[in-house]
Amino acid sequence: MRSDANVSARGIVALDVPALEDAIALLARLGDAVGYYKVGLELFAAAGPEAVHVLREAKKSVFLDLKLHDIPNTVGRAARAAAGLGVDLLTVHAGGGRAMIQAAVQGAPSARVVAVTALTSLDPRDLPAHIRRDRPLAEWVLDLTEEALAAGAAGVVLSGAEVAAVKARFGADCLCVVPGVRPPGAAPEDQARAVTPAEALAAGADFLVVGRPVTQATDPLAAWRGLWSEIHSQEGRR
Ligand code: C5P
């Protein structure tokens with residue numbers, strides 16, 4: 001377990017909301033407790049770059065999770081436009097291949113490009129047809145990570161279950177961003193490989209992405225604080 005005094009600084013709230021007003025309301029409710037937000041497909045489709053501008057004006061770090069996956073030229077140009085918005089992290093799909101990831105990295109030199117490996121919603125027993133089902137999911141994640149790093153990506157998006165293997169193979173500098181984070185005992189919803197914040201951090205995760213457990217809570221601030229209480233109580237017992 002890492003002994004960061006302020007472990008919640010590693011948390012990123014996924015603003016998966018239908019409109020900019022909902023994002024602004026959440027931002028107000030969470031205040032100084034959250035410094036890093038993810039803008040994903042729903043909010044970007046609804047509000048576009050304005051969603052990023054609002055976060056930048058509020059002095060928040062921004063993870064733009066567009067999961068780019070297209071021909072290298074298109075992805076490179078989209079990455080350039082995204083970087084121009086001032087985002088800190090940007091996603092591409094690792095499955096797009098080395099040239100595509102390289103194009104994103106070259107297009108967005110001011111952002112850290114991370115490649116999405118196996119979606120955390122994928123259940124190892126129920127993999128899509130394009131994935132070899134005779135291999136453990138973790139091996140597939142390691143292969144995709146190798147390719148992403150060779151293309152210049154800063155790291156990968158993966159489940160907490162695969163972080164330790166990725167860090168062991170590629171070293172601490174490979175940025176590991178973990179979605180599918182749930183407090184102990186919470187419903188996983190459509191996340192098949194969910195982990196708790198303590199598990200993800202113990203495995204070596206650099207950032208944890210948390211959406212519905214916070215954004216759909218009746219008291220988002222209390223839910224956010226509750227997420228880290230497991231870790232703080234473990235540290236208190238040491
Ligand atoms: O609500 P929940 O905490 O499940 O949200 C997880 C967020 O992380 C969503 O915005 C989803 O798009 C994103 N994500 C994911 N799995 C990945 C990559 C991104 O769940 N592999």
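The legends below describe close-up views of a predicted model.

**View 1. The barrel of parallel strands.** Eight strands close into a barrel in the order β1-β2-β3-β4-β5-β6-β7-β8, and their pairing is parallel. Averaged over neighbouring strands of this sheet, and with direction ignored, the turn of one strand against the next is 25 degrees. Helix α5, which spans residues 98-107, packs on the sheet and touches β3, β4 (89-93) and β5 (112-116), while its direction makes about 160 degrees with that of β4.

**View 2. Pairing of β2 with β3 and of β4 with β5.** Strands of a sheet pair through backbone hydrogen bonds, in either the parallel or the antiparallel sense. Strand β2, covering residues 36-39, runs parallel to strand β3, covering residues 61-68, and the two are joined over 4 bridges; within this pairing, Val39 has Leu64 of β3 as its bridge partner. Strands β4 and β5 also run parallel, with 5 bridges between them, and here Leu89 is matched with Arg112 of β5. Strand β5 is mostly covered, since 4 of its 5 residues are buried.

**View 3. An aromatic pair between β2 and β8.** The structure contains 2 aromatic pairs, and this view shows the one formed by Tyr36 and Phe207, whose ring centres lie 5.2 Å apart and whose planes stand at 65 degrees, so that the pair is classed as edge-to-face. The pair links distant parts of the chain, with Tyr36 in strand β2 and Phe207 in strand β8 (residues 207-210), 171 residues apart. Both Tyr36 and Phe207 are buried.

**View 4. An aromatic pair within helix α10.** Trp224 and Trp228 form an edge-to-face aromatic pair, with 5.3 Å from centre to centre and 75 degrees between the planes. Because the two residues are 4 residues apart in helix α10 (residues 220-237), about one helical turn separates Trp224 from Trp228. Trp224 has a relative accessibility of 2% and therefore counts as buried, and Trp228, at 2% relative accessibility, likewise counts as buried.

**View 5. A lysine over a phenylalanine ring.** Lys38 lies over the face of Phe63, at a distance of 6.0 Å from the ring centre. Strand β2, with residues 36-39, and strand β3, with residues 61-68, are the paired parallel strands shown in View 2.

**View 6. The nonpolar cores.** The largest nonpolar core consists of 69 residues, and the residues with the most contacts inside this core are Leu64, Val92 and Val178. Helix α6, which covers residues 137-150, provides the largest share of this core, namely 6 residues. When residues up to four places away in sequence are not counted, the residues touched by Val178 include Leu158, Val163, Val195, Ala200, Phe207 and Val209. A second, separate core has 12 residues, among them Tyr36, Val114, Val116 and Val209; Tyr36 is also a member of the edge-to-face pair with Phe207.

**View 7. Ala202 in helix α8.** Ala202 is located in helix α8, which runs over residues 197-203. With a relative accessible area of 48%, Ala202 is partly exposed, because this class lies between buried, under 20%, and exposed, over 50%. Ala202 and Phe44 are 158 residues apart in sequence, and their C-alpha atoms are 32 Å apart in space.

Conventions. Residues are numbered from 1 along each chain as its sequence is written. This is a predicted model: local features need pLDDT of at least 70, side-chain atom pairs count only at pLDDT 80 or more; totals for chains, interfaces and linings use all residues. Side-chain values use heavy atoms; hydrogens and water are left out. Two strands pair if DSSP finds at least two bridges between them. Axes are lines fitted to C-alpha atoms, for helices over the stretch in contact, and angles run from 0 to 180 degrees between N-to-C directions. Contact means heavy atoms within 4.5 Å. Rings of Phe, Tyr and Trp (its six-membered ring) pair if their centres lie within 6.5 Å; planes under 30 degrees apart count as stacked, over 60 as edge-to-face and the rest as tilted. Buried means under 20% relative accessible area, exposed over 50%, partly exposed in between (1.4 Å probe, protein chains only). A charge sits over a ring if NZ of Lys or CZ of Arg is within 6 Å of the ring centre and within 35 degrees of the ring normal. A nonpolar core is a set of buried Ala, Val, Leu, Ile, Met, Phe, Trp, Tyr and Cys residues joined through side-chain atoms within 4.5 Å.
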